[in-house]
Amino acid sequence: YEALEQIEEVALWTKATRHMEGDTWKFVLIPSVIPNAFVSEILPHRIFITTSMIETFIKSDDELALTLGHEVSHLILGHSSNRNSFEVFFRTAEILVLSLDPTEGLLSLAFMAFLASLRHAIGAEFSRNDEREADELGIKLCAMACFDTKSASRVFHRMHLADVESGKQAASNRAGLLSFFDSHPPSEERYHSLWEESGKENRDKYEDTTCASLKTIFRDAMKQDTRNE
């Protein structure tokens, strides 16, 4: 982590150190037909990934590294804490409306329905920004661990093709308002952004600094997880 702190803002990498150090990190494989990967502040030092995510979208170590780097980035950037603060603010506002309503609930019901829609829309916007930030940091971590970031970005192209095949992309295009409530940016947009970013963030940039040691740590962790199974 000293190497990381030398090339980025100290505050960011101090947060990274706080989240990453301590117990050994574990990769938890969840049997599920729903493709997903996530981390949680409640269960630290664990990255959860479903069997469907592995079987359907991830075809190489490079793609797995980017996926895991993206999820760890959410933790480093404090996105869970930010979402919790946002939820608390809106829930408090709803309670205040209920307590101040002179119509004994009639006005509150209408206003709370409005607040719920507003909370959903603003929350989705925050979530999309969080995903873009995690993509940006995730591809940097992937590059610093000496993986091929251009190849890794193809996982998002595969997700885009799945969206097109399922009709999800077409439905979103037909109803632009629906995309306003989407929690993630379109996979196609993310793929093109990451593909472009891979020109700047790649293993060549870090091969003489951090990537060899970080890749060894990553592979050792994966081997340890396999032995634990």
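Is Cys-142 buried or exposed, and what is its relative accessibility? At 1% relative accessibility, Cys-142 counts as buried, because buried here means under 20%. The legends below describe views of a predicted model.

**Figure 1. Overview of the protein chain, with 13 helices and 3 strands.** The chain in this predicted model has 229 residues, and buried residues make up 41% of them. Among contacts with a separation of 6 or more, 68% join residues 24 or more positions apart. The structure holds 0 disulfides.

**Figure 2. Close-up of helix H4, residues 61–76.** The end C-alpha atoms of H4 are 22 Å apart. This agrees with the expected span, because 16 residues at 1.5 Å a residue should also cover 22 Å. Of the 16 residues in H4, 15 are buried, so the helix is mostly covered. Just after H4 comes Gly-78, with a positive phi of about 70°.

**Figure 3. Packing of H4 against helix H8, residues 154–166.** Two packed helices are described by the angle between their axes and the distance between the axes. For H4 and H8 the angle is about 85° and the axes are 9 Å apart. H4 is therefore roughly perpendicular to H8, a term that covers angles of 65 to 115 degrees. On the H4 side, the residues that meet H8 are Glu-63, Leu-66 and Thr-67. On the H8 side, their partners are Arg-154, Val-155, Phe-156 and Arg-158. By class, this contact has 3 nonpolar, 1 polar and 3 charged residues.

**Figure 4. Surroundings of Ala-152 in helix H7, residues 149–152.** Ala-152 has 0% relative accessibility and therefore counts as buried. Leaving aside residues up to four places away in sequence, Ala-152 touches Asp-62, Glu-63, Leu-66 and Cys-142. Glu-63 and Leu-66 also take part in the contact of H4 with H8. Ala-65 can be shown in this view as well: its C-alpha is 7.6 Å from that of Ala-152, while the two residues are 87 positions apart in sequence.

**Figure 5. The cysteines Cys-142 and Cys-146.** A disulfide is a covalent bond between the sulfur atoms of two cysteines. Cys-142 is in no disulfide. The nearest cysteine sulfur to that of Cys-142 belongs to Cys-146 and is 9.8 Å away. A disulfide needs the two sulfur atoms within 2.5 Å, so this pair does not count as one. Cys-142 is buried at 1% relative accessibility. Cys-146 is buried too, with a relative accessible area of 18%, which is under the 20% cut-off. What is the place of Cys-146 in the chain? Cys-146 sits in the loop between helix H6 (106–144) and H7. Its phi is near 75°, a positive value in a residue other than glycine.

**Figure 6. Ala-162 in helix H8.** Is Ala-162 buried or partly exposed? At 28% relative accessibility, Ala-162 counts as partly exposed, because the value lies between the cut-offs of 20% and 50%. The view also includes Ser-187, 25 residues from Ala-162 in sequence. The C-alpha atoms of Ala-162 and Ser-187 are 9.6 Å apart in space.

Technical notes: Residues numbered from 1 in each chain as written. Predicted model: local features only at pLDDT ≥ 70, side-chain atom pairs only at ≥ 80, totals over all residues. Heavy atoms only, no water. Helix = DSSP H or I, 4+ residues; strand = E, 2+ residues; numbered from the N terminus. Expected span 1.5 Å × (residues − 1). Buried < 20%, exposed > 50% of the residue type's maximum accessible area, 1.4 Å probe, protein only. Axes fitted to C-alpha atoms, helices over the stretch in contact; angles between N-to-C directions. Parallel < 35°, antiparallel > 145°, perpendicular 65-115°, else oblique. Contact = heavy atoms within 4.5 Å. Nonpolar A, V, L, I, M, F, W, Y, C, P; charged D, E, K, R; others polar.
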